[in-house]
Amino acid sequence: MTGRGLVVVLPYLWLMLFFVVPFVIVLKISFSDIDLAIPPYKPLLEWVGKNSLAIKINFNNYAFLFTDHLYVNALLNSIKVAFISTVLCLFIGYPMAYGIARAKPKTRNILLLLVILPFWTSLLLRVYAWIGLLKGNGVINNVLLWLGLIHEPLTMLFTPFAMYIGIVYSYLPFFILPLYSNLEKMDWQLLEAAEDLGCRPWQAFYKITLPLSRNGILAGSMLVFIPAVGEFVIPALLGGPNALMIGRVLWDEFFSNRAWPVASAVAILLLILLVPFMMWYQSVQTRESAGAR
Amino acid sequence: MATPATAAVKAQPWKDPAARPYVQVDRVTKSFGEFKAVDDVSLKIYKGEIFCLLGASGCGKTTLLRMLGGFETPTSGKILIDGEDMTGVPPYERPVNMMFQSYALFPHMNVEQNVAFGLKQDRVPKAEIAERVATMLDLVKLSAFAKRKPHQLSGGQRQRVALARSLVKRPKLLLLDEPLGALDKKLREHTQFELIGIQDKLGVTFVVVTHDQEEAMTLASRIGVMNHGEIVQAGTPSEIYEFPSSKFVADFVGSVNMFEGKLIEDEPEYVRIASEELGGTIYVSHGISAPPEATVWAAVRPEKIFMSTAPPEGTDNVVRGAVQDIAYLGDLSIYLVKLPTGKVVRVTQPNTSRHAEAITWDQQVYLCWDATSPVVVTR
């Protein structure tokens, strides 16, 4: 095999091993019956008698997801939370990415480093740090009490507010980085041209910068939205027991109820739901790069 | 090259003290920290002119242009356009448009949308936008490309889109930053004349920034030569070329032979200069204003020097040398003649005959020039 062939094969091999194979396993489990055994499901294929192989495909797991409102609600809620988080990331991340892209090269590197810096600590630790900040006798409440702005501690932890803080905080870099790399390529003279032709600065931003950075916004949004839909750790730690997210449901089904087939069906459904978003994003990307901007 | 026959050139308003300047730059200085990019520049530009700011990179010409466009604010001084003080007015409120060096076409819009952009911004009625855009695209011969995106166009076409976009708003003043810089030589020459034609047709006043003196000579009604943030001389192309006011201008515009010397005879009708560099005397048939015995420079253009193998008459303006190098350019040849003093003189001669007896390397030749040819500068 040539070196070039090897280079092409490697990523495929990687995807086969770590994506396709696990996916097929999950898909298989989602069509099997629950069983009180280890592992807790019945095989799809069974030898019946000597020479006949029976395939038992069980659609009940999927049907079950639609009979109990819990799953649909959790799914819808996850999408809502992911969507709101993405919008928040857009409003917070765009000015940041824009500021970094327009900063002097020296400052730019420092700012980029600051964006990446949180990755040097584990996500779990950072989320726990937020607990310390947000809890009843946490840092924020104590400071506000000391300043005399409030007279009794605010309830922040285990609320949607805390959950959004956690998600936006954790995913913001994923929004900023692709957007920055897009904005960084922007020809700023276009803004001068727009102003020259009668645009006020904010109009120039709206008519030139924003449409030209669409790809960056899209990439950032996908990188936030897709993982945020399936997010488990942050809602569980910061959102409290009422944060009904699909990732949480999946966890419960899998570990608390040991209902592997149902959990797998949830996972497959989630995937099916996210595929259109990714395909749409892909097609936009291809179209844009074909028409070199 | 010939000067364009624009209305402004025929009228020569700059010679009329009563004429009202259209653009007035009044003692404008722009500093970036300690550095003065533009230093106390005053300038009057008249309606219908093509005024070229000519200078090497970093001479402040682009900064001056950007101040006219409103992209930079002068540190001190005033800029008036059509009698109105524009000093602090932002670009989007100026009756001025700019054609950027990079063209700065909006990549997400097609040609038509690019040209219509400024009109839409001004809320011009739709029907009028369509009409004016169509007229403008017709003028720059791009009607067939209206639906193309900028990246689907050639360099020359992009340049014309940029021109159409900046002209469609009918600005009082059009600023052009190295308008032909990105084009290859053939296209550049062609576009120069096209640009003059369009300017003449629309009567818009142009201010062009360029580092290319040939471009400036072709386009301009007047040229302002800039150096270190100052305008060192402003005048018509022929004034700049034939009557440079300083060594810098003589040297920057075209090529020149500069002979340093001392004024030995200073009469109202003539001067005589003794030049050690030349190894002879230079006789100039006009008076100059300089103290006697002053050090002056006589500048002689290469095409104004005659070269012969036989000794010419007289002793002034004659020198002997050996041909050191020849560059044959087709229409003319450049000879580098080394004088006994070591000074190398550049001479150009048109190749008028196909079978002229050729002057070759190392040949001894006589160089001479008319008494009217040298320009004497004192700085």
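In this predicted model, helix α3 of chain A carries a kink of about 35° at A:Gly93, shortly before the proline A:Pro95. The helix covers residues 69-102 of chain A, 34 residues in total. At 1.5 Å a residue these should span 50 Å, and the end C-alpha atoms turn out to be 48 Å apart, which agrees. So the end-to-end span of α3(A) fits the expected value, with the kink at A:Gly93 included in the picture.

Chain A also meets chain B. Here, 19 residues of chain B are in contact with 17 residues of chain A. On the chain B side, two elements give two or more residues each, namely β6 (96-99) and α3 (111-121) of chain B. Of these, α3(B) gives the most, with 3 residues. Sorted by class, the side of chain B that touches chain A holds 9 nonpolar, 7 polar and 3 charged residues.

Turning to chain B as a whole, there are 9 helices and 20 strands, and the C-alpha trace spans about 75 × 50 × 40 Å along its principal axes. Of the 379 residues in chain B, 40% are buried. Sequence-distant pairs do a good share of the work in the contact map: among contacts between residues at least 6 apart in sequence, 64% join residues at least 24 apart.

The domain assignment splits chain B into domain 1 (7-95 + 171-247) and domain 2 (255-377). The C-alpha centres of these two domains of chain B lie 34 Å apart. Their contact takes 5 residues from domain 1 of chain B and 5 residues from domain 2 of chain B. On the domain 1 side, the touching residues come out as 2 nonpolar, 2 polar and 1 charged.

Next come the strands. Four of them form an open, antiparallel sheet in chain B, in the order β2-β1-β4-β5. At the edges stand β2 (35-45) and β5 (84-85) of chain B, each with a single partner strand, so one side of each has no neighbour in the sheet. For β5(B), the link to β4 (residues 76-81) of chain B is antiparallel and consists of 2 bridges. One pairing to look at is B:Leu80, whose bridge partner in β5(B) is B:Asp85.

Another strand, β14 (residues 295-300) of chain B, is mostly covered, with 5 of its 6 residues buried. Strand β11 (residues 257-266) of chain B pairs with β14(B) in the antiparallel sense over 6 bridges. Strand β20 (residues 375-377) of chain B also pairs with β14(B), again antiparallel, over 3 bridges. B:Ala299 takes part in both pairings: B:Ala299 is the bridge partner of B:Met258, and B:Ala299 stands opposite B:Val375 in β20(B).

Finally, there is B:Gln363, which sits in the loop between β18 (344-350) and β19 (364-368) of chain B. With 15 other C-beta atoms within 10 Å, B:Gln363 counts as partly exposed, because that class lies between the cut-offs of 12 or fewer for exposed and 20 or more for buried. Leaving out residues up to four places away in sequence, B:Gln363 touches B:Ala322 and B:Val323. B:Asp82, by contrast, is 281 residues from B:Gln363 in sequence and 60 Å away in space, C-alpha to C-alpha.

Terms used:
Residues numbered from 1 in each chain as written. Chains lettered and ligands numbered in written order. Predicted model: local features only at pLDDT ≥ 70, side-chain atom pairs only at ≥ 80, totals over all residues. Domains from an automatic or database assignment. Contact = placed C-beta atoms within 7 Å. Nonpolar A, V, L, I, M, F, W, Y, C, P; charged D, E, K, R; others polar. Helix = DSSP H or I, 4+ residues; strand = E, 2+ residues; numbered from the N terminus. Expected span 1.5 Å × (residues − 1). Bend = angle between axes of the 7 residues up to and from the residue. Pairing = 2+ DSSP bridges.
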